[in-house]
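The exercises below ask you to read a fold step by step from its coordinates. Work through each task before turning to the solution beneath it.

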Amino acid sequence: MIVIDHQPSRVNVAVFGEFTFADYKEFEEVVNFKVKFEGPVDLRFDLSQMAGLTLDVAWEEVKFSRAHAHDFRRIAVLTGSQWIRWSAWLTQATVDADLRVFEVEAEALDWYKKAGEKGSAESAWQAAQAYFRGKGTPKDEAAGMEWLR
């Protein structure tokens with residue numbers, strides 16, 4: 001099962017159980033829409049609860065990464081799987097995005113915060129959203145507002 005949430009310039013994806021071809025096609029539709037109307041986006045892929053994926057998903061990922069080589073700014077992958085880490089490493093060779101793999105949500109939040117501190121408005125926005133929603137950190141609206149300033 002896949003859950004997709006999209007915000008301005010960002011797509012959040014979480015996979016629970018088996019990642020199927022139908023799930024991947026749903027993800028592709030959202031990304032294609034976002035890129036068409038917003039340009040390059042950030043992607044947060046939470047695969048920490050993924051039980052496995054089908055072979056056709058793996059092949060579709062290869063094709064998709066090549067077709068969208070310039071459509072992502074940052075890609076954060078959350079996983080504890082060594083296999084997914086290796087797959088992300090291979091994907092890095094085909095995309096221009098800054099792709100990082102994290103084992104826990106808080107590490108991804110730190111990455112967004114560091115980019116925000118360096119002047120990335122999108123990363124500051126991502127950090128603010130994490131505080132507002134309590135993703136990777138306790139919910140803290142004051143901290144979220146601080147990132148928006």
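**Exercise 1.** Determine which residues of helix α1 are buried in this predicted model, and name elements that cover them.

*Solution.* Taking buried to mean under 20% relative accessible area, one finds that the buried residues of α1 are D23, Y24, F27, E28, V30, V31, K34 and V35. The next step is to ask what lies against these residues, and the cover includes the strands β1 (2-7), β2, β3 (41-53) and β4 (72-78), together with the helix α2 (55-67).

**Exercise 2.** Check whether the end-to-end distance of α1 agrees with its number of residues, and state what follows the helix.

*Solution.* Helix α1 covers residues 21-38, which makes 18 residues. The expected span is 1.5 Å times one less than the number of residues, so a span of 26 Å should result, and the 25 Å between the end C-alpha atoms agrees with this. After α1 comes G39, which has a positive phi, near 85°.

**Exercise 3.** Place V11 in the fold and describe its surroundings.

*Solution.* V11 belongs to strand β2, which covers residues 10-19. Its relative accessible area is 0%, and because this value is under the 20% cut-off, V11 counts as buried. Once neighbours within four places in sequence are left aside, the contacts of V11 are I4, D5, H6, V30, V31, K34, V41, D42, L43 and R44. Among these, V30, V31 and K34 are also buried residues of α1. As for D42, it is separated from V11 by 31 residues in sequence, yet the two C-alpha atoms are 6.3 Å apart in space.

**Exercise 4.** Work out how β2, β3 and β4 pair and what handedness the β-α-β units have.

*Solution.* Begin with β2 and β3, which pair in the parallel sense over nine bridges, with A14 opposite D46 in β3. Strand β3 is in turn joined to β4 by five bridges, again in parallel, and here F45 stands opposite V77 in β4. Adding the helices, one obtains a right-handed β-α-β unit from β2, α1 and β3, and a right-handed unit of the β-α-β kind from β3, α2 and β4.

**Exercise 5.** Where in the chain is confidence highest, and where is it lowest?

*Solution.* The chain has a mean pLDDT of 84, with 87% of its residues at 70 or more. Confidence is highest in α1, at a mean of 94, and lowest in helix α5 (residues 121-133), at 66. Where pLDDT is low, the predicted coordinates should not be read in detail.

Technical notes. Residues numbered from 1 in each chain as written. Predicted model: local features only at pLDDT ≥ 70, side-chain atom pairs only at ≥ 80, totals over all residues. Heavy atoms only, no water. Helix = DSSP H or I, 4+ residues; strand = E, 2+ residues; numbered from the N terminus. Buried < 20%, exposed > 50% of the residue type's maximum accessible area, 1.4 Å probe, protein only. Contact = heavy atoms within 4.5 Å. pLDDT = per-residue confidence, 0-100. Pairing = 2+ DSSP bridges. Right-handed = clockwise from strand over helix to strand, strands pointing away.
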